[in-house]
Amino acid sequence: MTISELGEFGLIEAIAAALPRGERTIVGIGDDAAVLAAPDARVVATTDLLVEGRHFRRDWSGPADIGAKAAAQNLADVAAMGATPVALLVGFAAPGDVAVAWARDLMAGLADECARAGATVAGGDVSGADEIVLAITALGDLGGRDPVTRSGARPGDVLAYAGVLGESAAGLALLEAGLTEPAALIAAHRRPAPRYAAGPEAAALGATAMIDVSDGLLADAGHLARASGVQIDIATVRLPGHPGLAAAAAALARASTAGRDDPAGRDDPAGRDDPAGRDDPVVRDAALDWMLTGGEDHALAATFPPGRELPYYWTVIGQVREGQGVLVNGSRVTGRAGWKHFSD
């Protein structure tokens with residue numbers, strides 16, 4: 001059955017029946033608006049728009065993955081303010097010939113990711129459209145803490161991140177090349193897994209500024225530097241090695257040269273002596289580029305006062321100094337720093 005055959009209100013009923021009700025939901029789906037308990041008396045709110053063909057492709061990702069990813073990028077923004085995610089409001093527009101089962105799976109993915117963050121879907125709207133569009137609003141609770149904004153970093157602070165960097169970008173590159181391995185990186189692109197709890201924990205640890213790494217580490221560190229009026233210097237030697245990224249870069253290098261001058265692969269830089277290609281400069285550069293400029297892993301990047309002891313999942317990778325902008329290993333960044341809307 002398609003959603004046009006089921007109808008607007010039938011679709012809403014089908015979606016509502018599959019979504020659990022949250023503990024903070026006083027009035028849920030089915031009324032003019034949701035009502036949520038807000039013990040802190042302040043509500044963190046953020047919204048994102050996802051358009052088919054630009055933010056996701058149905059031939060690359062299933063509906064549950066698309067839903068989970070849409071939830072993740074909004075819930076991560078809440079966590080980046082130092083808040084606990086509470087609820088999502090979901091606007092869903094689609095062509096009438098989309099299957100009802102596809103829409104249900106999309107909402108199941110949203111609900112699953114909400115559950116991972118401790119949140120629920122509290123309401124939304126549906127509409128017809130020429131392409132699938134998702135408009136997601138996420139709400140969060142500060143739990144009595146002050147919000148952690150982008151503007152609090154000070155000279156002497158350190159820059160650290162929690163989560164992963166570069167996996168989603170590598171997975172996207174593999175999909176674009178028609179490759180299926182390493183499968184874990186493709187899965188990371190389809191369904192990122194942010195560390196939501198790291199946001200409120202960072203706030204409790206005295207984080208001075210924080211951001212969700214959605215556009216790329218360099219681009220988002222630049223947002224922190226600009227808002228705080230400081231300079232941030234990232235030391236690439238502090239970025240952990242990632243065999244999966246090296247393997248993806250090697251696979252892409254092999255795919256780009258296969259069948260040209262060396263069909264047997266005798267001159268393949270990622271050959272038998274180094275199957276992952278880790279010793280090849282091209283492979284190393286690609287892996288590093290993904291970590292510095294790749295977005296959509298939704299790691300959290302935060303600055304902390306010097307000497308602050310951090311949990312194991314925070315990796316210190318840089319220093320905050322007086323000045324402006326972002327440096328890498330003490331040098332100005334040239335070229336592309338990450339995703340830019342309206343130009344990428």
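Okay, a quick definition before anything else: two strands pair if DSSP finds at least two bridges between them. Helices (H or I, at least four residues) and strands (E, at least two) are DSSP runs, numbered from the N terminus.

Now, what we're looking at is a predicted model, where local features need pLDDT of at least 70, side-chain atom pairs count only at pLDDT 80 or more, and totals for chains, interfaces and linings use all residues. Residues are numbered from 1 along each chain as its sequence is written, and side-chain values use heavy atoms, with hydrogens and water left out.

So, the overall picture. The chain has 10 helices and 13 strands. Of its 344 residues, 49% count as buried, where buried means under 20% relative accessible area, exposed over 50%, and partly exposed in between, with a 1.4 Å probe and protein chains only. Take the contacts with a separation of 6 or more: 84% of them join residues 24 or more positions apart. Contact here means heavy atoms within 4.5 Å.

Let's go to the four-stranded sheet. It's open, with mixed pairing, in the order β3-β6-β4-β5. At the edges stand β3 (44-51) and β5, each with a single partner strand, so one side of each has no neighbour in the sheet. From one strand to the next, the twist averages 15°. For angles, axes are lines fitted to C-alpha atoms, for helices over the stretch in contact, and the values run from 0 to 180 degrees between N-to-C directions. Inside the sheet, β4 and β6 (residues 133-141) are antiparallel, with nine bridges. One pair to click on: V90 has I136 in β6 as its bridge partner.

Which strands does α3 touch on this sheet? They're β3, β4 and β6, and the direction of α3 makes about 145° with that of β3. Helix α4 (residues 100-117) packs here as well, touching β4, β5 and β6, at about 165° to β4.

On to the other sheet. This one is open too, with seven strands in the order β8-β10-β7-β11-β9-β12-β13 and mixed pairing. Its edge strands are β8 (209-213) and β13 (331-332), each pairing on one side only. β7 (residues 158-162) and β10 (residues 299-304) run antiparallel, joined by five bridges, and L159 sits opposite T303 in β10. Here's α3 again: this helix, residues 63-80, lies across β8 and β10, at about 170° to β8. Helix α8 (residues 217-228) packs on the sheet too, and its contacts include β7, β8 and β10.

Next, a pocket. On a 1 Å grid over the protein atoms alone, a pocket is an open set of points with protein on both sides within 12 Å along at least five of seven lines, the probe is 1.4 Å, and lining residues have an atom within 4 Å of a point. The second largest one has a volume of about 410 Å³. It's lined by 23 residues, and closest to the centre are I29, G30, G123, G124 and D125. α2 (8-18), β4 (84-94) and β5 (120-128) each supply at least two lining residues, with β5 giving the most, six.

Last stop, A203, in helix α7 (residues 198-204). Why does A203 count as buried? Because its relative accessibility is 16%. Leaving aside neighbours within four places in sequence, A203 contacts G82, R145 and V148. D146 is 57 residues from A203 in sequence, yet the two C-alphas are 8.0 Å apart.

Note on methods:
Points joined across faces, edges and corners; volume = space filled by probe spheres on them.
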